[in-house]
Amino acid sequence: MAFFQDRQQEFVMLMRYIFCLTLWCAGLLFPSPALRAARSGDGGAFKAVWSAVAPQAPKHEVRAVWLTTIGGIDWPHSYSQSRFSMERQQAELCRLLDLYHRAGINTVLMQTRIRATTIYDAPYEPWDGCLSGFPGRSPGYDALRFAIDECHKRGMELHAWVVTIPVGKWNGEGCRRLRQHLPGVVRRIGTDGYMNPEDPRTGDYLAQLCGDITRRYDIDGIHLDYIRYPETWNIRVGRDAGRVCITDIVSKIAREVKRQKPWVKMSCAPIGKHDDLARYRSHGWNAYTRVCQDAQGWLRQGFMDALFPMMYFRNEQFFPFAIDWAEHSAGRIVAPGLGIYFLDPREGNWRLDDIVRQMNELRHLGLGHTFFRGKFLTDDVQGIYRFVSRRFNLYPALVPPMTWESRDLPPAPTDLLVRRQGATLQLSWHYRETEAQRLMPPGVQRVAFNVYASTSSPVDIGDARNLIATRLPHAAMSLPAQAGGHLRFAITAIDRYGNESLALQSAPADSDTDHAPTLLRCDGYRLEVPAGARMADTGLLLIESLQGQTVASRSWRGSQISVTDIAPGIYVLRSINRKGVTHRLGYFIKKPLPRPLSGGRRQ
């Protein structure tokens, strides 16, 4: 029986890979006008093709980005040496987080321990020089705490990215201090120092460091990087013993983190190919055999809640290995890292098509996606940011709940009040914390709220298209009155494990006709452009979701524009003039189109 099960599994994997390979070959043999349209910003042709082949956006999906601080290559691009320069550095980070949020990112992996140096006030290690320009000198504020607060304001998780084994140049500030603190733990390879994976003090020290971060900061996760043997290390103890050494470090860190706060996610970034597969070789670069990372085993053993495999490969070195990660996820989170830096001609020769097919397949497999690294996303290299924000992540997504840690649902909010105040619609509600939530450590966000909206009642909270706000830290929200006049709302509470309560449903807002908003006329096929826009100095219209994401752009003449390629929902219509200034023209509701008769004609 086991033999036939193995053969069946190989057959299913082969069929999946053939499907992926077909997509890849299609991109090589046939032109891709839709993707070229995405690069140029012309969404019409792209939308028509993409809507036909892309899987529907799920409600739960990790959408992450690595925010690299070493050398300031993603952030910061200026030093904090005065109050003015500190505020400039903080403002730059806020701009990046705003861009991430608009692209649907819900998880920021922020490099916190760099090379035995940090971006927070650590008791064990010195400040990294990326913040102040001087190793060991404070930038005048705690960058980790600031980033956590700003991420939580935007409904995003922040995971502290901890580089584990490498500790930098042998005579660098961090390595030198660590050698003084733990004599004999750091080994020298060339000009760099590495903590010895075979010395038990390595795991003890890293567990202490990660436990300190977890205790002092309201982080959502500890993300381990380089938790493996260096590829140049001579592993004399053998591969099996080497895996035991690395797993021992992981287990020490995981136990200490979970002892402090069991809702904090443990994750790591393993090599992108776990090991050789039955039909596809890793060509000597894999996690399990080459560098003694048993990442799939860590999921099974409960040491990891999530994996972010660094899958910076293409074609047959990507698709079958992505399937392997999916099939060995143990029901936990896997969000492979995508090498979008290869879109830059200075780094590689990848095309946007390569990344699009990878993202499409990951969603098909039920996996998340992670971008390496932040700068290449926000620089919109080859149109990657426009594709992600305007096409792939049209709607927000929640991070999957950690049901293996807790399945208890938080209580639902109560007493939803929807009222108009001038040009805004105010939503407010109440929430009564549980005893367990009241006992959580001070300074910890105990609960957050998700807001859904729809023209139908009750609001379907299982449909990601109805999500308009995620992980709000407070029990209130405001919307433009024009947008909310015809909407029903639903509010849910979400705990730190990601468990979501039952929904508190609302009736529509006060329907007093004197205050009812005027929506732009839309029959599902054509949208009436208001007369004010037709008289303005503009030739381009933008269609945005209520979350502020641009979903389409239209060059127009006359009094109407086509909206047949836009998904049902509530949208904002804006004009943009030659100087790039936008003006809101109004709101409209795109209703589902009637299904065609068997002959393909409209009803």
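**Entry 1: Pro410**

I started at proline 410 and listed its contacts, skipping the neighbours within four places in sequence: Tyr431, Gln437, Ala493, Ile494, Asp495, Asn499, Glu500 and Ser501. I keep in mind that this is a predicted model. For one of those partners I pulled the C-alpha to C-alpha distance: proline 410 and tyrosine 431 sit 10.0 Å apart in space and 21 residues apart in sequence. As for where the proline belongs, I found proline 410 in the loop between α14 (384–392) and β14 (414–421).

Is proline 410 buried or exposed? The relative accessible area came out at 8%, and the cut-off for buried is under 20%, so proline 410 goes down as buried.

**Entry 2: the sheet that β14 belongs to**

Since β14 bounds that loop, I followed the strand next. I got an open sheet of three strands, in the order β14-β15-β18, with antiparallel pairing. β14 and β18 (476–480) are the edge strands, and each has a single partner strand, so one side of each is left without a neighbour in the sheet. On average, neighbouring strands here are turned by 15° against each other, if I ignore direction.

I then looked at one pairing in detail. β14 and strand β15 (residues 424–430) run antiparallel and are joined by six bridges. For a residue-level handle, I noted valine 418, whose bridge partner in β15 is leucine 427.

**Entry 3: β1, β2 and β3**

I moved towards the N-terminal part of the numbering and picked strand β2 (residues 107–113). How many of its residues are buried? I counted seven of seven, so I wrote β2 down as mostly covered.

On one pairing, β2 goes with strand β1 (residues 63–67), in the parallel sense and over four bridges. Alanine 64 is the residue that stands opposite threonine 107 in β2. I traced the connection too: the chain leaves β1, passes through helix α4 (residues 83–102) and arrives at β2, and I logged this β-α-β crossover as right-handed.

β2 also pairs with strand β3 (residues 157–163), again running parallel, and here I found six bridges. Arginine 113 has valine 162 as its bridge partner in β3.

**Entry 4: α8 against α9**

For helix packing I took helix α8 (residues 200–216) and helix α9 (residues 239–260). Two packed helices are described by the angle between their axes and the distance between the axes. For this pair I have an angle of about 25° and axes 8 Å apart. Angles under 35 degrees count as roughly parallel, and α8 and α9 are therefore roughly parallel to each other. I noted the crossing of α8 past α9 as right-handed.

The residues making the contact went into the notebook by helix. From α8 I have Pro200, Thr202, Gly203, Asp204, Leu206, Ala207, Cys210, Gly211, Thr214 and Arg215. From α9 I have Ile249, Lys252, Ile253, Glu256, Val257 and Gln260.

**Entry 5: backbone oddities**

I went looking for unusual backbone geometry. Most residues other than glycine have a negative phi, and most peptide bonds are trans.

Cis bonds went down before the phi values. Tryptophan 75 and proline 76 are joined by a cis peptide bond, with omega at about -5°. Proline 76 falls in the loop between β1 and α4, which puts it on the crossover path I had already traced. Another cis peptide bond joins serine 457 and proline 458, with omega at about 0°. I placed proline 458 in the loop between β16 (447–454) and β17 (467–472).

Then the phi values. Tyrosine 226 is not a glycine, yet its phi is positive at about 55°. I located tyrosine 226 in the loop between β7 (221–225) and α9, and its 17% relative accessibility makes it buried. Glutamine 382, not a glycine either, also has a positive phi of about 55°. Glutamine 382 sits in the loop between α13 (374–378) and α14; at 27% relative accessibility, I put it down as partly exposed.

**Entry 6: whole chain**

I finished with the totals. The protein chain has 17 helices and 26 strands. How much of the chain is buried? I have 57% of the 603 residues. Taking contacts with a separation of 6 or more, I get 70% from residues 24 or more positions apart.

Conventions:
Residues are numbered from 1 along each chain as its sequence is written. This is a predicted model: local features need pLDDT of at least 70, side-chain atom pairs count only at pLDDT 80 or more; totals for chains, interfaces and linings use all residues. Side-chain values use heavy atoms; hydrogens and water are left out. Buried means under 20% relative accessible area, exposed over 50%, partly exposed in between (1.4 Å probe, protein chains only). Helices (H or I, at least four residues) and strands (E, at least two) are DSSP runs, numbered from the N terminus. Two strands pair if DSSP finds at least two bridges between them. A crossover is right-handed if, with the strands pointing away from the viewer, the path from the first strand over the helix to the second runs clockwise. Axes are lines fitted to C-alpha atoms, for helices over the stretch in contact, and angles run from 0 to 180 degrees between N-to-C directions. Angles under 35 degrees count as roughly parallel, over 145 as roughly antiparallel, 65 to 115 as roughly perpendicular and the rest as oblique. A crossing is left-handed if the near helix is turned anticlockwise from the far one by less than a right angle, and right-handed if clockwise. Contact means heavy atoms within 4.5 Å.
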